[in-house]
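Please look through the sequence and the model below before reading on. The text then takes up a ligand site and one helix.

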Amino acid sequence: MTRLHEEAKRDHRPGLISGIRPTGELHVGNYYGALKGLVDLQERYDARYFIADIHSLTTHPKPDDLRGYVIATARNYLAGGLDPERCTLYVQSSVAAEICELHTYLSMVMPLGELMRVPTFKEKAKRHPDNVNYGLVGYPVLMAADILLFKAQTVVVGEDQLVHLEIARTIARRFNQLYGEVFPEPQPLIDNAARIPSLSGAGKMSKSDGAAAYISLKDDERAVEEKIRKAVSDPLRVYRDQPGHPTAEGCNVYHLHTFFTGEAERRDIADQCRGARIGCVECKRKLAGSMSDIVEPFRRRRERLSEADTVDMLRIGRDKAKASAQQVIAEVRRAMGLQML
Ligand code: TRP
Ligand code: SF4
């Protein structure tokens, strides 16, 4: 056994996995929604996080875009607190040989009819009838390969991915029935993502609303202040001497305070707002301050982390992931009667 094989065996924390979609910039909603949960979990679990670049190929992203997104995503997640000493962070395609091999084996135990009835597949096929590719119907099988390749017991997913996880469980069961107990049945751990409201007051923060409606983790203090200054607040408070409605429903700015500002300061703000002793301009300045407390350290860490360092860290992740993946592939081949000639 190599040193990496031994290291992979020595970690006694329970195994956990999650896939991250490669996207460009992150906003504070993503930070609370996805990233922070993964950062906390790397302490208690032997966590593997990967950037799902092969999955993203179903929609044919431009090669240069994809390359850029993968590195940008890794850099953002590292700046946000993923630590290569505590977790294994890798790019899916850097373990492609093992993942795609397992995907082929798993595809043999998964009935096509069931895959074609998966709601996410049906919905995508309906929306893009000109791009119903073989990979799209196999998307959940590829996901099962990601998970089972590491015999992960726990999978962090959003609600929208539960159906896919159920398929991974079914595949594990069917494989085990045919070839003996090889895979544990993975359990979901739902990321109860906080829903950070949009600056526009309409729904949750999202990039599709335009740059003025979200705080990017790249925004510097001035940009944060500028955007918050224009954020929608209490529509019923038109004049400075009117009392406001400082609740999540009554004022969007106050709603944002509930995520970013400490309780004591928030209570002060609410009291003063009800008594018309604080104006919205000042209240927003306070919000910008508490948001910058989150965004600034992130921005600085991200700036200090070069692309080259990011790639180095991804290579460490790749080597760790590959070492344990090869062990599972050998076991799977043995179980199925494929010989290592
Ligand atoms: N499909 C997931 C998503 O869109 C990403 C993903 C791919 C994933 N493979 C996975 C998540 C394996 C958990 C486990 O969010
Ligand atoms: Fe909302 Fe703050 Fe204005 Fe009160 S002072 S209405 S909480 S923005």
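What follows covers the surroundings of ligand 1 and then the helix α12.

This is a predicted model, in which local features need pLDDT of at least 70 and side-chain atom pairs count only at pLDDT 80 or more, while totals for chains, interfaces and linings use all residues. Residues are numbered from 1 along each chain as its sequence is written, chains are lettered from A and ligands numbered from 1 in the order written, and side-chain values use heavy atoms, without hydrogens and water.

Ligand 1 has 13 residues around it (a heavy atom within 4 Å). Those that come nearest are Arg 21, Tyr 139, Met 143, Asp 146 and Gln 161. By class, this shell has eight nonpolar, three polar and two charged residues; Ala, Val, Leu, Ile, Met, Phe, Trp, Tyr, Cys and Pro count as nonpolar, Asp, Glu, Lys and Arg as charged, and the others, Gly among them, as polar. Helix α9 (139–148) and strand β4 (154–157) each supply at least two shell residues, and α9 gives the most, with four. Helices (H or I, at least four residues) and strands (E, at least two) are DSSP runs numbered from the N terminus.

Three side chains make polar contacts with the ligand (N or O atoms within 3.5 Å). Arg 21 is 2.7 Å from a ligand oxygen. Tyr 139 lies 2.8 Å from a ligand nitrogen, and Asp 146 also lies 2.8 Å from a ligand nitrogen. Taken alone, ligand 1 exposes 370 Å², of which the protein buries 94% (Shrake-Rupley method, 1.4 Å probe).

Helix α12 (residues 252–260) has the buried residues Asn 252, Val 253, Tyr 254, Leu 256, His 257 and Phe 260; buried means under 20% relative accessible area (1.4 Å probe, protein chains only). Their cover, by contact (heavy atoms within 4.5 Å), includes α2 (28–44), α13 (263–274) and α14 (280–304).

Terms used. Buried means under 20% relative accessible area, exposed over 50%, partly exposed in between (1.4 Å probe, protein chains only). A polar contact is a pair of N or O atoms within 3.5 Å; within protein, one must be able to donate a hydrogen and the other to accept it, and residues adjacent in sequence count only if both atoms are side-chain atoms.
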